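This report concerns the internal cavities of a predicted model. The sequence and structure are shown first, and the cavities are then taken in turn.

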Amino acid sequence: MKKYQKRLVIFVVLLTLLIQTFCTGMSVPVSAADTSIFTDYLPEITQITDDGGFTHPGVGLTKDLLENVRTQVRAKAEPWNTYFNAMYTSSTAGTNVVSSNQSASNPTKPGSVVFNSKGIQSKFIADALKAYTQALMYYITGAEIYRANALHIIRIWSQMDSNKYAYYTDACIHSGVPLNRMAMAAEILRYSSSKGGTFVSAAGTTEELNWTQMDTDNFTNNLINPVINTLQYDNNHFMNQHMYPLLGAIAGYIFTGNKTRYHEAVEWFTVNSTAKDQGYNGSVMQLFRLIDEVSVIGNKVGEGEKVRQPYVQHVEMGRDQAHGGGDLTNSALISRMLLAQKTRVDPQKGTVSSAGNAVSPYEFLDNRILAAADYFWQYMLGYDTPWTPVAYSIAQDRTIRDTYNRFSLEYRGRFLTANFWDLYSYYTYEKKENVSQIAPHYYEAFMEKLAPTAGGWENVDAGNDFWLYLPAEADKFLPHIKSSGNLIEVEDRSTKLDGNTATITENDTTFLRFHASEEGGKIVLLSFSQGTKNCGLKIRTNGAAVMEIFGKTLVLPNTKKQWRYVTVKGEIGDFVPITVKGTPGVTVDLDHINTSADTQLTPPVFKTGTSDLNVFVYKGAPLTIDFSATDAGAMDLVTYEGFSMPQGSSLNKLTGTFTWKPTQTGTNSFAIAASDGTTVAARKVIISVSTDRNSAILEVLTPYNKNAKYESVSLENFTKVYEATINQIDTASDGDFCEQLIKLRSAVEGLKLITPLLSDGSMDYSSIVTSTLGPDLSWLVDGDNATFGGFKSGRENLYHILDFGADYKVSVSKFGLQSRMNFVDRAAGSVLFGSNDNVNWTRLTTGETKFTPDMSIIPVDDPYKNEKYRYLKIQEIHPQKDIIHDTIQNIIEWGELRIWGERYDANNKITSVSISSDQSSAGKIKIGDAVKLKFRTTEAIKDMTVTIQGACHGCHSRRY
């Protein structure tokens with residue numbers, strides 16, 4: 001049999017070799033490391049200085065940088081080899097790329113010569129990256145097909161009609177990166193040599209391989225100038241939106257030698273002193289602002305309370321962290337171009353300067369960009385970071401119009417769009433600084449940066465070409481290989497937030513160790529965004545502990561220093577806090593998270609549920625609990641173990657049966673674990689031991705609120721279970737009565753308030769209405785307007801409706817509305833309506849919500865405060881101008897919604913019952929007693945007298 005298998009293997013190998021030999025025409029994706037894609041031809045760079053003093057090539061990449069990259073890549077030196085291969089695997093590096101804008105009938109002509117829409121913009125974005133990549137591939141490999149392809153794409157866009165450009169929504173934002181890339185591609189082709197002659201591009205057109213004056217003229221007049229002048233030339237864009245057009249325009253100015261515009265753009269980048277709104281000015285000075293006072297809406301700049309120690313704060317981090325990271329990436333992109341031109345600026349004014357005190361863009365304002373980068377990563381990595389309310393809109397008379405009052409949580413922890421790693425290169429190799437000391441948070445992030453990928457190279461927001469700018473000595477720049485796929489190695493990209501955690505390596509295994517404590521050891525997982533998954537956490541413990549993850553508390557049993565999996569479902573986002581708590585001396589090791597637990601693990605599942613189990617019993621009652629679990633693994637044997645179990649109790653390790661006869665009153669908390677040898681599941685158990693059956697009932701009834709009104713369905717169920725419990729008090733066996741106590745507790749916990757409340761006394765409507773808000777409803781009651789929902793646009797559609805259902809109505813005294821954080825206009829000008837048919841609406845508030853970042857609370861008009869409605873509608877009737885555009889956007893988007901009022905059972909059903917007995921002086925209600933029952937309905941309180949037909953012990957004067 002073994003000989004046959006060996007012959008079969010040899011046959012398969014030979015067959016494979018034959019297939020490879022006869023199918024050489026087939027295209028197989030390979031990396032540059034696996035095959036020779038390099039020719040013997042080495043294109044030469046001709047460096048010049050034009051009449052304006054610009055060095056070419058110099059749109060970021062210079063002759064020295066390009067030659068260094070080619071030398072390092074061809075030598076397979078790191079890190080250039082790794083980054084180059086990531087670029088090479090991108091589709092934009094293929095030899096078969098064609099222009100997205102070429103005509104189908106004549107590929108030498110554009111499909112459209114009109115530049116006025118997002119449709120043409122998307123083609124421009126795609127083609128710019130293709131042209132840039134192809135130009136780099138040509139210079140590095142010497143293969144003429146790449147030059148032909150790049151020239152073809154540039155020549156297509158050089159035929160655009162300069163009279164048919166028009167601004168469209170957000171054109172300034174999305175045209176900057178592609179113009180920058182297209183100009184870099186043209187710069188490389190313009191100043192690099194070719195063998196001359198012609199070559200057929202992938203588009204099937206014959207391209208003249210030499211760059212000509214006509215190419216320069218057409219590219220300048222038909223693309224660069226009209227894109228800048230029509231889509232980009234304005235210094236009043238909002239924050240992040242200011243630098244995007246600048247990085248395209250500056251590239252164009254360098255290519256065309258436009259010295260006047262270049263000098264103007266440099267000042268716009270550094271200070272932008274002429275911007276109309278200095279609050280949302282997107283310059284280095286204003287984005288990365290030196291904070292010396294607390295900004296207050298309505299105050300003038302300079303009137304706020306002074307901060308004790310001024311510090312650099314990245315203003316747009318109050319908006320979100322995607323834009324915040326983009327600001328720093330864009331600053332690096334622009335700085336690369338200024339450095340290539342050896343541009344130095346006045347250290348305070350930011351104007352181009354040749355004075356002795358002039359500095360590089362990175363050193364401007366005492367290394368302001370690096371300070372902002374360090375501040376950015378301090379927050380992104382999970383550390384406590386200061387924030388001072390800061391003006392993001394300032395009127396021309398210096399009055400503060402609006403402020404960012406805190407960090408935005410959006411995109412916290414994400415590395416994907418943070419591509420300003422050449423700051424490390426500049427300070428380490430150019431300035432000879434120790435970055436770990438001058439910017440420790442930035443350095444920590446640098447050490448955990450993402451590995452290069454084809455997808456990263458294709459990022460539309462740019463920045464992933466930072467490796468092209470590394471000097472020859474940057475051989476330690478290679479990122480660590482990070483975990484990918486279904487296994488998340490938590491030590492790869494996480495932050496230790498206290499001294500209770502450490503990274504440990506044993507043999508070939510590296511893991512995080514938590515030293516348990518009452519306050520907990522804390523870490524944060526960063527940038528492993530994979531969505532909601534069933535996760536297997538590989539752990540090892542020497543004692544019981546708990547882990548807080550995904551907003552859940554996971555019981556960790558003592559694995560006796562053996563590696564085991566525990567499973568939990570949760571959302572793996574960009575920022576996942578993990579806390580481990582336990583008794584000092586307990587250690588919890590966490591190796592990795594397996595996000596394919598559904599298919600690779602078969603965890604034991606307790607038959608009676610996984611949540612904490614509360615059991616009520618009394619002294620002397622023998623207690624039996626079934627903790628058995630099922631396991632999907634056909635060959636798995638489940639065994640059971642208890643931790644910190646009550647004295648005298650026992651657990652059958654093969655069946656999971658727990659037995660105990662308590663002899664003392666009190667509360668006992670312990671854990672039960674079920675394991676199949678690979679995966680372990682644990683459950684927390686709390687057993688409350690009372691004196692007797694009567695006291696056990698009282699203990700079970702503790703959560704009942706005598707002053708509350710409950711929904712009639714849940715109250716009826718509670719009443720039914722309560723009566724069954726009372727009827728068994730003298731007849732049931734101990735085992736049956738303990739089971740009944742569990743049922744009674746479940747009924748108590750199942751009681752639903754007819755008007756559930758939030759902590760501020762308003763109605764928690766999130767689980768009692770249906771709404772046009774859909775799943776966004778829960779975001780509006782969480783006390784955080786950074787979570788938001790209800791987006792709608794269009795003048796006739798600016799409302800949402802709450803439906804309390806056919807069985808309920810509400811009366812309202814006031815309502816409150818708060819916009820999504822930083823979008824004040826999206827809640828302003830709203831009022832409340834009520835209806836009972838969803839057709840005819842009554843306006844309940846004369847007042848309207850105010851234009852404020854805070855909660856705007858509007859009282860209901862007096863005539864309507866006691867009226868009852870099934871439907872409520874919150875509608876924006878007077879949309880107001882937004883801060884950013886100063887125009888009416890006709891958008892609603894809410895962060896928080898509050899309703900103060902009361903909910904009623906529309907069918908006048910019983911909502912609570914209380915009992916009392918005049919005869920029950922001994923503390924028990926006996927058979928034959930006349931008992932007064934007081935029924936509370938939604939409309940009235942009524943009395944009646946009934947005669948008890950069964951025993952009723954231990955509940956006299958007890959509401960239920």
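## Second largest cavity

The lining of the second largest cavity is made up of Ile228, Gln232, Tyr233, Asp234, His242, Pro245, Leu246, Ala249, Tyr253 and Trp268. Two elements, α7 (213–232) and α8 (240–256), each give two or more residues to this lining, and α8 provides the largest share, with five residues.

The volume of the second largest cavity comes to about 50 Å³. Sorted by class, its lining residues are seven nonpolar, two polar and one charged, and the charged class is represented by Asp234.

## Largest cavity

For the largest cavity, the computed volume is about 60 Å³. Its lining consists of Leu129, Tyr132, Asn180, Arg181, Met184, Leu333, Trp457, Ala462, Gly463, Asn464 and Asp465. At least two of these residues are supplied by each of α4 (118–141) and α6 (171–191), while the largest share, three residues, is that of α6.

In terms of residue class, the lining of the largest cavity comprises six nonpolar, three polar and two charged residues. The two charged residues are Arg181 and Asp465, and the polar ones are Asn180, Gly463 and Asn464, with glycine counted in the polar class.

## Whole structure

Over the whole structure, the search returns six cavities of 30 Å³ or more. The two cavities described above, with volumes of about 60 Å³ and about 50 Å³, are the largest and second largest in this predicted model.

Note on methods
Residues are numbered from 1 along each chain as its sequence is written. This is a predicted model: local features need pLDDT of at least 70, side-chain atom pairs count only at pLDDT 80 or more; totals for chains, interfaces and linings use all residues. Side-chain values use heavy atoms; hydrogens and water are left out. On a 1 Å grid over the protein atoms alone, a cavity is a set of points where a 1.4 Å probe fits but cannot get out, and a pocket is an open set with protein on both sides within 12 Å along at least five of seven lines; lining residues have an atom within 4 Å of a point. Grid points are joined across faces, edges and corners, and a volume is the space filled by probe spheres set on the points. Helices (H or I, at least four residues) and strands (E, at least two) are DSSP runs, numbered from the N terminus.
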